[in-house]
Amino acid sequence: MKLLAPVLAVLAILLALAAGTPPASAATGVSTIAESLRKGPVYVDPAARFSRSDADALAKKIKDADKPVFVVVLPADYPTANLFTNLRTATGITGLYAIRLGDRFDARADSSVLPRTAVRNLVSSVQGEKDANTQLTDFTDRAVANMGGSAPSSWGSSGGGGGVSSTALITVGAVLVAGGGGAYALVRRGRRRRAEEQAAALDRLRVVVDEDITAFGEELDRLDFHPAEAGADDAMRADYERALDAYEQAKSYMASATKPEDVRAVTQSLEDGRFSLAQLAARREGRPLPERRPPCFFDPRHGPSVADATWTPPGGAPREVPVCAADATRLADGRDPVVREVDTDAGRRPYWDAGPAYGPWAGGYFGGGLLPGLLVGTLLGSLMSTPAYASDYGSGYGDFGGGYEGGDVSGADFTPDDFSGGFGDGGDFSGGGDFGGGF
């Protein structure tokens, strides 16, 4: 009976709504809007001009697409200051937020769902449409075709923009009573399948990362350094200690990894450890300490780079990449560099042509800021620039640390820059928008 009581309580609420019980409040504070969006994808303010049937149709379209799109229709005089940021905070769900305010329109999104440039382009593509339903429908159609993530589980399996039929409510109540957790399991099935796909990607990636860890361990063995040896000083011992710590951290991070983006911490630790070894080698040999540079682009196991060299991938454009001394010499002599290859379904391939799971691996070594220039024109670079990649393996070039995905409940834990900017500028920081610094 204890387990049944909450279900019966929910059923009672649903039946009361079906009987026509009005909502407790029609106030349009941000909290009211957010509460509605946690239950369904479309909120229409009572003072806004937008039909219930159009709202229901739009909500069904979004739910059928299984994407975290939130649409809000408000009157023209609604306050715009910090509206997107406040709404995203109050709703607490990672997704794409679109607001029609009078006859004006704008949108923001978490970068893990849709990059800022894509949001701006989508907003611009519908700005000329005056009819609210046409504008919101076109925007939704284009957005769901390009974004990552899935609908939040709190929406359930069907619904509209605030209006729900009594038949639907009674049916939902019956499912809750008779099926218990069955409906919840159905909603979560898609995410379980996605988790299985991520686990398979991690298993493939694990082979390469284990090779990296083993190679670094062999470097430590070959070092032949003892903290008590003649000539060793505190700085050398500190370098050696940092390298050992990095090795242990890498092993620990890999042992606890559950998805591909977790690998970034592993390769970042290895890169830190190799730089510590380079500093130790310079101290022991009486050379100037090396500057902190990224590892060799062609194979991070080569160690820190010593210079940038021009390289052109097959079918791509020339770009500057960091290289080790040996590969710099090979390129200068017109020879091919020694490239890190990994196993793929098509045989051994360079890591940048091996598949999307290698993005977090590369991100740990090179950091998000370097990767666009290094990988543009390669298979991995092309995959990493898509919203689907951001949903499956991280947040794109700038963030390989993982985090919340589209439809996940993050609360106030999100990047504020994704929702800032002036109203009407689509999040573009180059201008203040129509109302400067607000919505």
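What covers the buried residues of helix 3? In this predicted model, the cover includes strand 1 (42-44), strand 2 (69-74) and helix 6 (132-144). The residues that lie beneath this cover are Ala55, Leu58, Ala59, Ile62 and Lys63, which are the buried residues of helix 3. They span an arc of only 135° around the axis, so they sit on the same side of helix 3. The helix itself takes in residues 52-65, 14 residues in total. From its first C-alpha to its last, helix 3 reaches 20 Å, close to the 20 Å expected at 1.5 Å a residue.

Just after helix 3 comes aspartate 66, with a positive phi near 55°. This residue is not a glycine, yet its phi is positive. Aspartate 66 belongs to the loop between helix 3 and strand 2, and strand 2 is also among the elements that cover the buried residues of helix 3. Is aspartate 66 buried or exposed? Neither word quite fits: with a relative accessible area of 37%, aspartate 66 is partly exposed, because that value falls between the 20% limit for buried and the 50% limit for exposed.

Another aspartate invites a look alongside it. Aspartate 224 has a positive phi of about 55° although it, too, is not a glycine. Its place is the loop between helix 8 (182-223) and helix 9 (234-256). Aspartate 224 has a relative accessibility of 63% and therefore counts as exposed, the cut-off being over 50%.

For the wider setting, the protein chain contains 14 helices and eight strands. Of its 439 residues, 45% count as buried. Among the contacts in the protein chain with a separation of 6 or more, 66% are made by residues 24 or more positions apart. The accessible surface of the protein chain comes to about 20,300 Å², and carbon and sulfur atoms account for 54% of that surface.

A word on confidence is helpful when viewing the model. The protein chain averages a pLDDT of 79, and 74% of the residues score at least 70. Over residues 158-173, pLDDT stays under 50, and the model has 25 contacts beyond four places in sequence for this stretch. Residues 427-438 also have pLDDT under 50 throughout, with 30 contacts beyond four places in sequence. Where pLDDT is low, the predicted coordinates should not be read in detail.

Note on methods. Residues are numbered from 1 along each chain as its sequence is written. This is a predicted model: local features need pLDDT of at least 70, side-chain atom pairs count only at pLDDT 80 or more; totals for chains, interfaces and linings use all residues. Side-chain values use heavy atoms; hydrogens and water are left out. Helices (H or I, at least four residues) and strands (E, at least two) are DSSP runs, numbered from the N terminus. The expected span of a helix is 1.5 Å times one less than its number of residues. Buried means under 20% relative accessible area, exposed over 50%, partly exposed in between (1.4 Å probe, protein chains only). The arc is that of the directions from the helix axis to the C-beta atoms. Contact means heavy atoms within 4.5 Å. pLDDT is the predictor's confidence in each residue, from 0 to 100. Accessible areas come from the Shrake-Rupley method with a 1.4 Å probe; for residues, only the protein chains shown count as cover.
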